[in-house]
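Hello,

Please take over this structure from me. The model comes first, and my notes on what was found follow below.

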Amino acid sequence: LSKDRTLEPTIKAEDTITYTYNPYNPAPFKGGVCYNFGGVAYQDAPNSRYDIISFMSKEFTKDAIIEGEIQVELHCKSTAPDTCFYLRLSLVRDNKAISLRDDIDSLCRVEKEYIPGEERVLKFI
């Protein structure tokens, strides 16, 4: 994940993206990834809000099949004593997104004590 919001194969230490979470105005998501929460629905366009950070791959020029595990390693830190990070993998066509997979994790899930400002690595598999 790079600062220009693309998917890059290498990590660049200088790439840092920040946002401010507002608990009184959380980001809404339409439907679920399967038949929960009203079923699959078109999502808002990528980066549709200040607190939704979307990373886009290069456009596929031909049909593709995703096989095997999808993994994300997120290097993150927070100013709060705990923060959750929610990831969605979506297919985007004509600026409309259909969710394929989602996952959520917390800075304190594995290591119970989190000191604000420390970097943690969350692995989504």
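**What was found**

Aspartate 51 is buried, at a relative accessible area of 12%. Buried means under 20% relative accessible area, exposed means over 50%, and partly exposed lies in between (1.4 Å probe, protein chains only).

A word on the source. This is a predicted model, so local features need pLDDT of at least 70 and side-chain atom pairs count only at pLDDT 80 or more, while totals for chains, interfaces and linings use all residues. Residues are numbered from 1 along each chain as its sequence is written, and side-chain values use heavy atoms, with hydrogens and water left out.

**Salt bridges**

How many salt bridges does the structure hold? There are 6. The term covers a side-chain nitrogen of Lys or Arg within 4 Å of a carboxyl oxygen of Asp or Glu. One of them joins aspartate 51 to arginine 49, at 2.8 Å from N to O. Another pairs arginine 109 with aspartate 105; their closest N and O atoms are 2.5 Å apart. Aspartate 105 is buried too, with 6% relative accessibility. A further bridge links arginine 101 and aspartate 103, at 3.5 Å from N to O. Here arginine 101 is partly exposed at 27%. Aspartate 103 is also partly exposed, at 25%.

**Rings**

The whole structure has 1 aromatic pair. Phenylalanine 29 and tyrosine 86 form this pair, which is edge-to-face, with 5.3 Å between centres and 65 degrees between planes. Phenylalanine 29 sits in the segment before β1 (72-76) and tyrosine 86 in strand β2 (residues 84-93), so the pair ties together parts that are 57 residues apart in sequence. For the terms: rings of Phe, Tyr and Trp (its six-membered ring) pair if their centres lie within 6.5 Å; planes under 30 degrees apart are stacked, over 60 edge-to-face, and the rest tilted. Strands are DSSP runs (E, at least two residues), numbered from the N terminus. Phenylalanine 29 is partly exposed at 37%, and tyrosine 86 is partly exposed at 35%.

Tyrosine 42 has a charge over its ring: lysine 96 lies over the face, 5.2 Å from the ring centre. This requires NZ of Lys or CZ of Arg within 6 Å of the ring centre and within 35 degrees of the ring normal.

**The nonpolar core**

Which residues make up the largest nonpolar core? It has 8 residues: Leu74, Cys76, Phe85, Leu107, Cys108, Tyr114, Leu122 and Phe124. Strands β1 and β4 (120-124) each supply at least two of them. A core is a set of buried Ala, Val, Leu, Ile, Met, Phe, Trp, Tyr and Cys residues joined through side-chain atoms within 4.5 Å.

**Two serines in β3**

Serine 106 is in strand β3 (residues 96-106). It is buried, at 13%. A polar atom of its side chain lies 3.2 Å from the backbone nitrogen of cysteine 108. Beyond four places in sequence, serine 106 is in contact (heavy atoms within 4.5 Å) with Asp82, Thr83, Cys84 and Leu122.

Serine 99 lies in β3 as well. It is buried, at 4%. Its side chain makes a polar contact of 3.3 Å with that of arginine 88. A polar contact is a pair of N or O atoms within 3.5 Å; within protein, one must be able to donate a hydrogen and the other to accept it, and residues adjacent in sequence count only if both atoms are side-chain atoms. Leaving out residues up to four places away in sequence, serine 99 touches Val33, Gln43, Arg88, Leu89 and Ser90.

**Strand β4**

Valine 121 is in β4. It is partly exposed, at 38%. Residues up to four places away aside, valine 121 touches Glu73, Leu74 and His75. Arginine 5 is 116 residues from valine 121 in sequence and 19 Å away in space, C-alpha to C-alpha.

Lysine 123 is in β4 too. Is it buried or exposed? Lysine 123 is exposed, at 55%. Not counting residues up to four places away in sequence, it touches Val72, Glu73 and Asp105. Its C-alpha is 17 Å from that of phenylalanine 55, with their positions 68 residues apart along the chain.

**One backbone detail**

Asparagine 47 is not a glycine, yet it has a positive phi of about 60 degrees. It is in the segment before β1. Asparagine 47 is partly exposed, at 31%.

Best wishes

Notes: Helices (H or I, at least four residues) and strands (E, at least two) are DSSP runs, numbered from the N terminus.
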